[in-house]
Structure formats: structure tokens, C-alpha cells
Amino acid sequence: MFLNRIKQENIPLLETAFSLHQEGRVLPDSFVIDTDTLFENAGKILAEAKKKNIRLYFMLKQIGRNPYIAKRLTDMGFDGAVAVDFKEAQVMMRHHIPIGNIGHLVQIPDAMIEQVVNYGPEVITVYSVEKAKRIADAAVKQRKEQKILLRVYDQGDLIYDGQTAGFAMADLNHVLDILCRMPGIQVAGVTSFPCYLYDEKEECIKKTHNLSSVLRAVEVLNRRGIEAEIINTPSASCCETIRHMHVDGGNCAEPGHGLTGTIPAHTANTMEEKICAVYVSEISHNFFGKAYCFGGGHYRRSHMERALVGRSLANAKEADVQTPSMESIDYHLGLDREFAVGDTAVMAFRFQAFVTRADVVLVKGISKSRPEIIGIYDSLGNEKKGSVGQA
């Protein structure tokens, strides 16, 4: 999906990926992250957000909830992490990373509510009265007040399968009647997802109907004298989207793929952020005229299309990638012709490391031609001890 763009923007990362694998320092089924470029991207997004007075929560599920990156982004000035689910919250809490928003896509399990409230996230997103009540009870017990965001939806909004939830706009006033009587919580704003998406035909990032629902919900809050302190309008968060948000009325973004330059917009447009992530595999075998490399990093919306295959970038050949069917496990990824067993295969696609078996390899110094592995992590943010090949 991003191979042509990365060949234009980050040749040193491609060269590093080949060399690290051929030297045996990176195993197949690994995402290699150019941290120099990632933090440059983060700095650009942060600078744009400060100019537009936009709050930033970083989203790191795509690079495996990585605590090293989280710490660096916090030090740079980001307002905290988006914990996309409670397991990501556990990683962030274990590493003492401030949590900006938790609960948007996945609510907090009852058994964790007291722990999370005690930790002190800036906001907890809710989409049921029952969950709000349990958060309120935990806050009262701890003699504190917890800010919450309301996830809203209306007819015409886009909701992805597996994410179906929200307070209906038609019910919002009734919901507020209930929530505003609960001690321990404060309604601090609204959210929805996705509020922005990339339009492939027009080759630009456009607002969705969800954003209209969020802004109408803000009007409902305002009429009731409730300040919408946080108007959270995520998806495709990058420099360009932040400029849209400033005009459209949002004030809180959640850069994730923007940090790695892998928003779909990065396939077609020259964006401020540069691509800084590749997937590294290895030719396992050939079978009936096709090569097969080790899998493990496939994500159903990844749009894997092309791979560079060889012993180095200088002699690499391009090949079409043939992913397994949706009902199959990605033990291997097919290529359209044979290659030598042991060759490196490098791809660049839209990835979500936390739902794969892949490792995440953080590398610094690529931009200075002195690549150095910072650490190797599993897909859930746990650092792997020992050398390559050891448990």
C-alpha cells in the first residue's frame, strides 16, 4: 500500500530493514520502526496542534502499545495516551504513562473501574448509563470527580462492525438528565469515530456525518449549560486533519497512524509526515511456482499489495503479495513467483501490530546512517529479553 511512497521518502529505512534481517538481527514477522522519523512526525503534529489549540492524545495500538514510544511522546508534550481498550490501559499504567482517554472503543470492565479511576485518566468515554454509574460510584468512593465523554451517534453515522455503540442523539437529553444527577462524574464533552476519513477518489481527508453528530451533541450540552471542554473528533489525525478540526469545531485529536505516516492519505499526497514503518519477512519456501514468506503480521484491512524481495535493497525485485483468505491463519504470505529461500521480503502497508503475532523493532540512527536497535517488543508492548532468537 505504501511501498511506492516509502521508496520516495525513506530509502534508508528500506536499506536498514534488509541489512538487519540478513545480518540475523531481526527475525521475520517484524515491524521495523524508524524512530528518528516517527519523532519528527510527532513534532510536526504537535507544533500544528499547539498553533490551532488542539489537545493531542497519542494512539499506539498500531505499533503494539509500545511503552518506549509512549514515554518519549509524553516527554515531548502530548497530553497522554488513548487506551483503545483496557489491556492497553494496563500497559500504560504499568509504565506510568498518563492516560488521556480510555473507553471510547472498548469500555472498562467492572473489575478494573476502581483501579482506572484511581489512576486518574483525563477522561473516560462512556456509552451506557450503567457504565457511567459504576464509574461515578468508584469516584465517590475515592472522594474525587471523574470527567467523562459521551460517545454519540445518529442516523447516517458510520459505525464499523465490532464497534457498535453510543448514545442516540434522540435520547441525549434524557441521558443527560440521568448523568447530571450522578455525584462523582462530570460530563466534559462528546466524541464519535470516525469523524474524518480519507476519500480515495478526491484524494483528500474529509469530514464524515459522525462529525455533524458530535457538533449537534455539543449544541445540546451548551443549551443545558454544560461546557463541552473536550470535543474529541478522531481518525486520520495528522497535520492536515488538525487544520480541518480547527475550522470544523473539534479540539481534540488522536494521532496514531499519523505518527508513522501510514494514514491512507499518505499513499497519494505529499503530506508533512513521512512513512517510518516497514514489515520484514523472509522467504520460507517455494511451491508450484510461487514463493511463500513467513506471516504473522497480516491485518484484514492492511492492503498488502507489493513486496521488495532480495538480499539487499540494491538487488531487490518487486512482487505481488497474495494474502490468505479471511478464514485462514496467515502462517505464510504468498508471492506471485519464486525467490531464493532465505531472501528478505520487505513490505509497507496499513498495520495494526496489536492484533497480530508480529514483533516490533525500534531502531534509531537510521537518518544518520548509524542504525541501532533500541529494543524488540512483542505485539502487546512487552520488551523481549535476550538476543534475537531467544525467548
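This briefing covers the overall fold, one helix pair and one run of paired strands.

The model is predicted. The protein chain holds 11 helices and 20 strands. Its 391 residues give a radius of gyration of 22 Å, which agrees with the value near 21 Å for a compact globule of that length.

**Overall build**

- Along the principal axes, the C-alpha atoms of the protein chain fill a box of roughly 70 × 45 × 40 Å.
- Of the 391 residues in the protein chain, 57% are buried.
- Among contacts with a separation of 6 or more, 67% link residues 24 or more positions apart.

**Helices α3 and α10**

- Helix α3 spans residues 35-52, and helix α10 spans residues 239-248.
- The two helices pack at an angle of about 10 degrees, with their axes 9 Å apart.
- Angles under 35 degrees count as roughly parallel, so α3 is roughly parallel to α10.
- On the α3 side, the contact is made by Lys 44, Ile 45, Glu 48, Ala 49 and Lys 52.
- On the α10 side, Cys 239, Ile 242, Arg 243 and His 246 make the contact.
- By class, the residues of this contact divide into four nonpolar, one polar and four charged.

**Surroundings of α10**

- The buried residues of α10 are Cys 239, Glu 240, Thr 241, Ile 242, Met 245 and Asp 248.
- Cys 239 and Ile 242 are buried; both also take part in the contact with α3.
- The cover over the buried residues of α10 includes two helices, α3 and α9 (209-223).
- Strands also contribute to that cover, including β2 (55-56), β9 (196-199), β10 (204-207) and β12 (252-253).
- Just after α10, Gly 249 takes a positive phi of about 120 degrees.

**Strand β8 and its partners**

- Strand β8 covers residues 185-191 and is mostly covered, with six of its seven residues buried.
- Strand β6 (residues 146-153) runs parallel to β8, and six bridges join them.
- In that pairing, Arg 151 stands opposite Thr 191 of β8.
- Strand β11 (residues 230-232) also runs parallel to β8, joined by three bridges.
- Thr 191 has Asn 232 as its bridge partner in β11.
- Thr 191 of β8 thus lines up with Arg 151 and with Asn 232 of β11.

How values were computed:
Residues are numbered from 1 along each chain as its sequence is written. This is a predicted model: local features need pLDDT of at least 70, side-chain atom pairs count only at pLDDT 80 or more; totals for chains, interfaces and linings use all residues. Side-chain values use heavy atoms; hydrogens and water are left out. Axes are lines fitted to C-alpha atoms, for helices over the stretch in contact, and angles run from 0 to 180 degrees between N-to-C directions. Helices (H or I, at least four residues) and strands (E, at least two) are DSSP runs, numbered from the N terminus. Angles under 35 degrees count as roughly parallel, over 145 as roughly antiparallel, 65 to 115 as roughly perpendicular and the rest as oblique. Contact means heavy atoms within 4.5 Å. Ala, Val, Leu, Ile, Met, Phe, Trp, Tyr, Cys and Pro count as nonpolar, Asp, Glu, Lys and Arg as charged, and the others, Gly among them, as polar. Buried means under 20% relative accessible area, exposed over 50%, partly exposed in between (1.4 Å probe, protein chains only). Two strands pair if DSSP finds at least two bridges between them. The radius of gyration is taken over C-alpha atoms; the globule rule is 2.2 Å times the number of residues to the power 0.38.
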